[in-house]
Amino acid sequence: MDVVADWFDTEKLIDAAETEDEIGVVLRMHLALEKILNHFLRSRITGDLAPYIKVPGYTAQKIALAAAFGMPIPFLAAAHEVNRIRNGMAHDGDALARDKVAQLARQVDSIHSINSSFHPLAKRYVEFSQTKPGKIFTFGTSGERIDFLIATFVLLTEMAQWLASQSSPAAV
């Protein structure tokens, strides 16, 4: 099963990848992150818990509740960084700064502690088949927007694969 295709709006992910707009990339990837957090929380808030626990509206609250339900720390730490970047841009007008993307990258790379087959971001790249076919954009050499995109896409993919491995076939 391709959980990314099943759980995410691939058109929005493609739009996020192919836009030159930093805010557009951050907002679209943040929305995709919220979708996976929502799915995780709904899978944990069973019938007996549903009267007492609701999926929160704010991402920071979703991350905290996901921690309480046992989501691995590397996912939580990276999700927290994505949320900090998004909030800084949306509320404070911050730019997508190198130091913030580097912190996100460190958190995403920490996924190796829970997945021994994880490949570090330094070995990752993206190609935009529609807008720039044949051109490879390598992590760490193509600017903050591309690095953010690669880091968040890797995070989403790893989270979705982990969640699929935790779920029964009927729940997915």
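What follows is a short chat about helix α5 and the core in this predicted model.

Tutor: Ground rules: residues are numbered from 1 along each chain as its sequence is written. In this predicted model local features need pLDDT of at least 70, side-chain atom pairs count only at pLDDT 80 or more, totals for chains, interfaces and linings use all residues, and side-chain values use heavy atoms, with hydrogens and water left out.

Student: Why is α5 called a helix?

Tutor: A helix is a DSSP run of H or I with at least four residues, numbered from the N terminus (strands are E, at least two). Residues 73–92 give α5 20 residues, so the α5 run qualifies.

Student: How do you know what span to expect for α5?

Tutor: Take 1.5 Å times one less than the number of residues. For α5 that's 28 Å, and the first-to-last C-alpha reach of 27 Å is close to it.

Student: What makes Phe75 and Leu76 count as buried?

Tutor: Buried means under 20% relative accessible area (exposed is over 50%, partly exposed in between; 1.4 Å probe, protein chains only). Phe75 and Leu76 are among the buried residues of α5, so both fall under 20%. The buried residues of α5 pack against α3, α4, α6 and α7.

Student: What makes the largest nonpolar core a core?

Tutor: Such a core is a set of buried Ala, Val, Leu, Ile, Met, Phe, Trp, Tyr and Cys residues joined through side-chain atoms within 4.5 Å. The largest one here has 45 residues, and Val108 is one of those with the most contacts inside it. α7 gives the largest share, 12 residues.

Student: Which residues does Val108 touch, leaving aside neighbours within four places in sequence?

Tutor: Among them are Ala78, Phe118 and Leu155; contact means heavy atoms within 4.5 Å.
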